[in-house]
Amino acid sequence: MYLIKIGGGKEINLKGIISDLSTINEKFIIVHGANALRDEIAQKLNYQKKIVTSLSGYDSVLSSEETIDLMMMTYAGLKNKRIVELCQQNGINAVGLSGLDGKVIVGKRNSGIKVREGGKTLLLRDFSGKPKSVNKHLLNLLLDNGYTPVLCVPLIDENNFAINSENDDIVALLQSEFNAEKIISLIEAPGFLLDKNDESSLVAKMSKEELEAMEQKVEGRMKRKILALRKLFETGNTTVIISDGRTEHPVIDALNGKGTIIS
């Protein structure tokens, strides 16, 4: 069993990824992003996203009702169905689901994000939260009958409202349920970079113990991503591969040892 996380960047080679996946003899679940598409559509709609930094140093996109509408259009709509279309073209019988569908991923809405603005501490409420449970019965029903789940935000919260969440946290939750042998994360970089602006700073191998030290050295969204990576190892042994999603054969490259291997 593999978990495949596909980044939402503009340069991600979706055709290459899905073509590669059609050649592997494993069950897998896809979790995908759509941030580039979201930003492109937002610009056309003259919508400005707001990024806030919590007191603990983590960056988040503030999720208003308009943000959720935008995610339904881009993540659960256009991007999800284009990936399902590619899967079908490559012989993968995929089913595209947002967290809302069949309550496949249920989250708990955040009580608020504490931020500093204008010298004051504010509590900002929005439609975001943490994934807390997976409808494993539904996912196993699909997997056991030859279907490949293609998952994305928004999730559904405890009061049945749509909420935004982090794909890294979703993958960590799926891993706690399925204990996947491999987790492949495909991004717009050769792998984990010590300096995001220097591709030669690639870290080829890392132990899970080294992740804790790494978390102290990074800031913003990368800090959040490291924390999510650490969670992947809480339920057992796995191999996490962070690899380049822009190459001709992203999945094959990852399985052949390219990128960053964390074990």
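This tour moves through a predicted model, one selection at a time.

**The open sheet**

Begin by colouring the strands. Eight strands, in the order β5-β10-β2-β1-β13-β15-β16-β14, make up an open sheet of mixed pairing. At its edges are β5 and β14 (residues 205–206), each of which pairs on one side only. As background, strands of a sheet pair through backbone hydrogen bonds, either parallel or antiparallel.

Select β5 and β10 next. These two strands run parallel and are joined by 5 bridges. To find one pairing, display Ser98, which stands opposite Cys152 in β10.

Continue to β1 (residues 2–6) together with β13. Their pairing is parallel and extends over 5 bridges. Here Tyr2 stands opposite Lys182 in β13.

Keep β13 selected and add β15 (residues 239–244). This pair is also joined in the parallel sense, over 6 bridges. Which residue of β15 stands opposite Ile184? The residue to display is Ile241.

**A hairpin**

Now select residues 113–117 and 120–124, the strands β7 and β8. They run antiparallel, with 5 bridges between them. Arg116 has Thr121 of β8 as its bridge partner. The hairpin has 2 residues between its strands, and Gly118 there takes a positive phi near 60 degrees.

**Helix α3 and its surroundings**

Select residues 65–89, which form helix α3. This helix has 25 residues and reaches 34 Å from its first C-alpha to its last, close to the 36 Å expected at 1.5 Å a residue. Where is the kink in α3 centred? Centre the view on Asn80: the helix has a kink of about 35 degrees there.

Next, show the side chains of α3. Its buried residues include Thr67, Ile68, Leu70, Met71, Thr74 and Tyr75. Further along the helix, Lys79, Asn80, Ile83, Val84, Leu86 and Cys87 are buried as well. An α-helix has 3.6 residues a turn, so residues three or four places apart point the same way.

To see what covers these buried residues, add the neighbouring elements. Among them are the helices α1 (14–21) and α2 (35–44), and the strands β2 (28–32), β5 (94–98), β10 (148–152) and β12 (162–163). Just after α3, Gly91 has a positive phi of about 80 degrees.

From α2, pick out Arg38, which is found in that helix. Is Arg38 buried or exposed? Arg38 counts as buried because its relative accessible area is 11%, and the cut-off for buried is under 20%. Beyond its neighbours within four places in sequence, Arg38 is in contact with Lys49, Leu70, Thr74 and Tyr75. Of these contacts, Leu70, Thr74 and Tyr75 are among the buried residues of α3.

**Helix α5 and the loop after it**

Move to residues 167–178, helix α5. The end C-alpha atoms of α5 are 16 Å apart, which agrees with the span of 16 Å for its 12 residues at 1.5 Å a residue. The helix is mostly covered, with 10 of its 12 residues buried. Among the buried ones are Asn167, Asp168, Asp169, Ile170 and Phe178.

α5 is followed by Asn179, which is in the loop between α5 and β13 (182–187). The phi of Asn179 is near 45 degrees, a positive value in a residue other than glycine. Asn179 is partly exposed, with a relative accessible area of 41%.

**Two backbone details**

Select Val153 and Pro154. The peptide bond from Val153 to Pro154 is cis, with omega near 5 degrees. Pro154 lies in the loop between β10 and β11 (155–156). For comparison, most residues other than glycine have a negative phi, and most peptide bonds are trans.

A second detail is Asn160, in the loop between β11 and β12. Its phi is near 65 degrees, a positive value in a residue other than glycine. At 46% relative accessibility, Asn160 counts as partly exposed.

**A buried charge**

The last stop is Asp253, in helix α8 (residues 250–255). Which side chain of opposite charge is nearest to Asp253? Lys258 is the nearest, at 4.1 Å, and the buried Asp253 has no salt bridge. The cut-off for a salt bridge is within 4 Å. Leaving aside neighbours within four places in sequence, Asp253 is in contact with Thr247 and Lys258.

Note on methods:
Residues numbered from 1 in each chain as written. Predicted model: local features only at pLDDT ≥ 70, side-chain atom pairs only at ≥ 80, totals over all residues. Heavy atoms only, no water. Helix = DSSP H or I, 4+ residues; strand = E, 2+ residues; numbered from the N terminus. Expected span 1.5 Å × (residues − 1). Bend = angle between axes of the 7 residues up to and from the residue. Buried < 20%, exposed > 50% of the residue type's maximum accessible area, 1.4 Å probe, protein only. Contact = heavy atoms within 4.5 Å. Lys, Arg positive; Asp, Glu negative; His and termini not counted. Pairing = 2+ DSSP bridges.
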